[in-house]
Amino acid sequence: MTARRIWHGLVFDLVFLGTAAAVPSAERGLPALLVARGSNRFLIDCGEGTQRQLMRAGLGFRGLAHVLLTHAHLDHVLGLAGLLATLALYRGDGRIEIVGSDETLAFVRRYLADTIGPEREGGYRLRAIFPGPVLVREGWRLDAFAVAHRGTASLGYRFQDELRHPLILERLDALGVPAGPERAMLAQGRSVVLADGRHIVPEMVHGAPVPGAALVVVGDTEEIAGLVEPVRDADALVIETTFLERDAALARSRGHLTAAAAARLARDAEIGELLLTHISGRYSPQEILTEAGRHFPNVRVVADFDRMSVRARDDAVSP
């Protein structure tokens, strides 16, 4: 008989703010995605109009401390000046950190200096990174990896929970651990004292460790072979799908993926759910979904203001 497990912990929450390709439409803004982990909020890319999308989504600007840039193309960075100018007017709670490759930040530095002023005056800080660790927090981490796109120094981002220790329900019941704070504390690796004075340590009720939730976000890319390992086993993969296979030659010439290619990547890397964005107005979402679905079943074409939570594979991705 399989032991029943109880999972505790936070999730990665996503709000899609812009899901168009290079040109916005009446329904889709330019690329921007908000990722939240507890009180930590990250904006990935900042296309034109992102600050308005944040307002329309009811998110506001509170707690936004990091902008992660995938690359320097205008449809991914042009909204930065407006966002930062508004932040400077609305709040005085510290600088926002803008993260990206050396090449990306070289362009952003010139752009922002000419519009809202240099770092020391503009209420922002630039931090150049390379593939590898970006940020480590209690219980999870953020890493960057290289992405090929038209000769740019592009980056993808992987949010990864640490190993989880599921609680085994039968052990909890046998020991008389009540539902509530005591079980939550044990899930966090903390010992508890029961009402009868017995000490219960985590090792008494934990199962074998399993991987935590993993979310991977890729901006524009022209190939999938080099992405299989960086995205492997992610519970959710957010990636561009600008073309369909009937326009594969055009996709190659412009450094983008087809829906079929993105789906083959998800299949080969054993992804949990594939979330397709950067959608060209030349196709309907149903066409994209149909093509991708031939290669990978668990796929969604996202739209502006879609919200979802990414949990470890056993918990799935929920709207």
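1. A pocket, as the term is used here, is an open set of grid points with protein on both sides within 12 Å along at least five of seven lines. In this predicted model, the second largest pocket holds about 420 Å³ of space. Its lining comprises 24 residues, and those that lie nearest the centre are Ala21, Ala22, Val23, Ser280 and Gly281. By class, the lining of this second largest pocket consists of nine nonpolar, eight polar and seven charged residues.

2. Enclosed space should be considered separately from the pockets. The count of cavities of 30 Å³ or more comes to one, and the largest cavity contains about 150 Å³ of space. Seventeen residues line the largest cavity; Pro31, Asp45, Val217, Val218 and Thr277 lie nearest its centre. Strand 2 (12-18), strand 3 (32-37) and strand 15 (236-240) each contribute at least two residues to the lining of the largest cavity. That lining divides into eight nonpolar, six polar and three charged residues.

3. An open sheet of seven strands, with mixed pairing, runs in the order 8-9-10-14-15-16-17. Strand 8 (132-137) and strand 17 (299-301) each have a single partner strand and stand at the edges, so one side of each lacks a neighbour in the sheet. On average, neighbouring strands of this sheet are turned by 15 degrees against each other, direction ignored. Helix 11 (residues 285-293) packs on the sheet and touches strand 16 (273-277) and strand 17. The direction of helix 11 makes about 160 degrees with that of strand 17.

4. The pairing at the strand 8 edge can be given in detail. Strand 8 and strand 9 are antiparallel and are joined by five bridges; within this pairing, Val136 has Arg141 of strand 9 as its bridge partner. The two strands form a hairpin with two residues between them. In the turn of that hairpin, Gly139 has a positive phi of about 95 degrees.

5. Strand 9 (residues 140-147) also pairs with strand 10 (residues 154-161), again in the antiparallel sense, through eight bridges. Within this pairing, Asp143 has Arg158 of strand 10 as its bridge partner.

6. Aromatic contacts were searched over the whole structure, and seven aromatic pairs were found. One pair, formed by Phe42 and Trp140, has ring centres 5.9 Å apart and planes at 90 degrees; the pair is therefore edge-to-face, given that planes over 60 degrees apart count as such. Phe42 belongs to strand 4 (residues 40-44) and Trp140 to strand 9, so the pair ties together parts that are 98 residues apart in sequence.

Key
Residues numbered from 1 in each chain as written. Predicted model: local features only at pLDDT ≥ 70, side-chain atom pairs only at ≥ 80, totals over all residues. Heavy atoms only, no water. Pairing = 2+ DSSP bridges. Helix = DSSP H or I, 4+ residues; strand = E, 2+ residues; numbered from the N terminus. Axes fitted to C-alpha atoms, helices over the stretch in contact; angles between N-to-C directions. Contact = heavy atoms within 4.5 Å. 1 Å grid on protein atoms, 1.4 Å probe; cavity = no way out; pocket = protein on both sides within 12 Å on 5 of 7 lines; lining within 4 Å. Points joined across faces, edges and corners; volume = space filled by probe spheres on them. Nonpolar A, V, L, I, M, F, W, Y, C, P; charged D, E, K, R; others polar. Phe/Tyr/Trp six-rings, centres within 6.5 Å; stacked < 30°, edge-to-face > 60°.
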